[in-house]
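Colleague: I'm new to this one. Could you walk me through it with a few questions and answers?

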Amino acid sequence: MSRGHHLPWAEYFATLQPHERPQFPGSPATPDHPAARRMAYAAVGVLVAITGSLGNAVVTANLPQLAGALGATTAEAAWLPVVFVMTNACMNLLLIKFRMQYGLQLFTRMILGVFVLVSIGNLFISSFTSAIVLRAVAGMCAAGMSTLGFLYLIQAFPAAHRLKGLIIGIGLSSFALPLARIFSSHLLDLDQWRAMHLFELGMALASLAAVFALRLPPSERLRAYDRLDFVTFALFAPGVAMLCAVLGLGRIVWWTEAAWIGWALAGSMILLSAALIIEFNRKHPLINLHWMASGDIIRLVLAILLVRIVLSEQTSGAVGFLQQMGLGPDQMHGLFWVILAAMIAGTLTSAFTLNVTKLNKPIAIALALIAVGAFIDSHATVLTRPQNLFLTQSLLAFASAFFIGPALLIGISQVMAKGAQNLVSFIVLFSIAQNVGGLAGGAIVGTVQTLREKFHSSQLTEAVNLGDPQVVLRLQQLSGAYARVVVDPAARNLEGMKLLSQQIAQQANVLAYNDVFLLIAAAAAAGSVWVTIVHLRPRIAARRAAAKEAAEAATDAAA
């Protein structure tokens, strides 16, 4: 344990140097640890961060198999990752102030204790309803686990390099999805979902033991909660949850086919508006709308949303494309290893090339890399396989990890400049932008792909003329595959027509995905230009002002 941890927290802080004191209430002190303890903090941070996000990643990567195990339809199973995001997006509204008021130790025990209970509950899932409840609780816990992970990572770095720990810690949670796609299928082969849940429980218990063996330094406490905070949460959380449901399920049940989509969207707007009206008129708001309405914060949120949306080219686009081509998870392991390696490289590059005076620059670079990768992917064919996507998907994976740290630091720098009371507002805004942006990206990709597939399918079908000699020859080739098993020529010709229809549908899907990739490339390129202009504009203005001053000085000297 660090020096003085046995002292009451107020006395403990009196023993610290100024650079060792907590930056914000609810954040731990950062004393100068010996090297061995720093390594231990780093190991615990990695373990906790990966554990917190792994469960949802496994569900997302194996949703069809989980649907079969629970006896659920595709539309019903889609609720499982969406429910996780619903609760995860808003929990920081309460959890940050919980840390401020009750301290880190109680926060840690509560989060990890509930997470272990959820992991045990997964072993006894017997129905779709119980799975939904456990996913919702897991989303709440994951919000705290990700925070706990990067708080541990920060302890692993000395004061001069502490921001590197912040960037690495925030990037760790993104490693969970490629890891889940790589190894979860092997666990499912061992003992179906029971093996997966036992592994998740083991990770949760290991995290619990690790944080009890190596506790975080204490944090400063203050009275944080206000009665109106809970009123705001009671309106804001279900509003965001309804919005998440619309974005996550709209493309599956289809936007105009399910009446509840419209009702949920209307309810979301009403609840969110009511919450924001309350916050706008509060003296000490939970969500500081005046601060959030500043130009820097609005531009930051738009940039985060844009990056999260265009990154769906990887999570929904490329994986969905390969699945349409008939490839299974085992055939894509090599691609996911490449993605994981690129994410690690992106996180480390972001951490060790950080320049706090040029935080917009990595975001512009990330968007440019996404534009390049998506544009190359827009030339895919039915013969495209995972190895053909190694370069492009590594560009997108690198970009996804490269942008997140600088984006977070832009917000934190605004918090430190305008006052620590805005910390809750920023963390909530950052979390919602990340979660809602990811769902919005999946919704856009899925919707555009469906619409373009219908368009291309109709175009290709209309172009097929049974009087065309080439079409006749193609039908003969396809029906010839059944020559040994189907004697009747009419029946054999019908089978050939079915195969031709399947090939037309496959080609239509390829063209639709190419359209999606091209649209994402255009959006990312436009975003990169916009962020670059935002980055360069103050520098250009400063140079012009300096040149004007120099010219005026020269004129005065000549006079």
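Modeller: Sure, one term before we start: a cavity is a set of grid points where a 1.4 Å probe fits but cannot get out, and its lining residues have an atom within 4 Å of a point. Keep in mind that this is a predicted model.

Colleague: Which helix gives the most to the lining of the largest cavity?

Modeller: The structure holds 4 cavities of 30 Å³ or more, and about 110 Å³ of space lies in the largest cavity. Its lining has 14 residues, and the closest to the centre are Val-59, Leu-66, Asn-122, Arg-135 and His-197. Two or more lining residues come from each of H2, helix H8 (128-155) and helix H10 (176-213). The one that gives the most, with 4 residues, is H10.

Colleague: H2 came up there. How far apart are its end C-alpha atoms, and why does that agree with the expected span?

Modeller: Helix H2 covers residues 35-61, which is 27 residues. At 1.5 Å a residue, H2 should therefore span 39 Å. That agrees with the distance between its end C-alpha atoms, which is 37 Å.

Colleague: At which residue does H2 bend?

Modeller: A bend is the angle between axes fitted to the seven residues ending at a residue and the seven starting there. For H2 that angle is about 40 degrees, and the residue is Leu-54.

Colleague: What about His-33: is it buried or exposed?

Modeller: His-33 sits in the loop between helix H1 (9-14) and H2. Its side chain has a polar contact of 2.7 Å with that of Gln-155. Buried means under 20% relative accessible area. His-33 has 7%, so it counts as buried.

Colleague: How are the rings of Phe-321 and Tyr-513 arranged?

Modeller: Theirs is one of 7 aromatic pairs in the structure. The ring centres are 5.8 Å apart, and rings pair if their centres lie within 6.5 Å. The planes stand at 85 degrees, and over 60 counts as one particular arrangement, so the pair is edge-to-face.

Colleague: How many residues apart are the two partners in the chain?

Modeller: This pair links distant parts of the chain. Phe-321 lies in helix H15 (residues 312-324) and Tyr-513 in helix H21 (residues 489-558). Their separation is 192 residues.

Colleague: Which residue joins Phe-321 and Tyr-513 in one aromatic cluster?

Modeller: Take the pair itself to begin with: Phe-321 is buried, with a relative accessible area of 1%, and Tyr-513 counts as buried too, at 7%. The other member of their cluster is Phe-517.

Note on methods. Residues numbered from 1 in each chain as written. Predicted model: local features only at pLDDT ≥ 70, side-chain atom pairs only at ≥ 80, totals over all residues. Heavy atoms only, no water. Expected span 1.5 Å × (residues − 1). Phe/Tyr/Trp six-rings, centres within 6.5 Å; stacked < 30°, edge-to-face > 60°. Buried < 20%, exposed > 50% of the residue type's maximum accessible area, 1.4 Å probe, protein only. Polar contact = N/O pair within 3.5 Å; in protein donor to acceptor, adjacent residues only side chain to side chain. 1 Å grid on protein atoms, 1.4 Å probe; cavity = no way out; pocket = protein on both sides within 12 Å on 5 of 7 lines; lining within 4 Å. Points joined across faces, edges and corners; volume = space filled by probe spheres on them.
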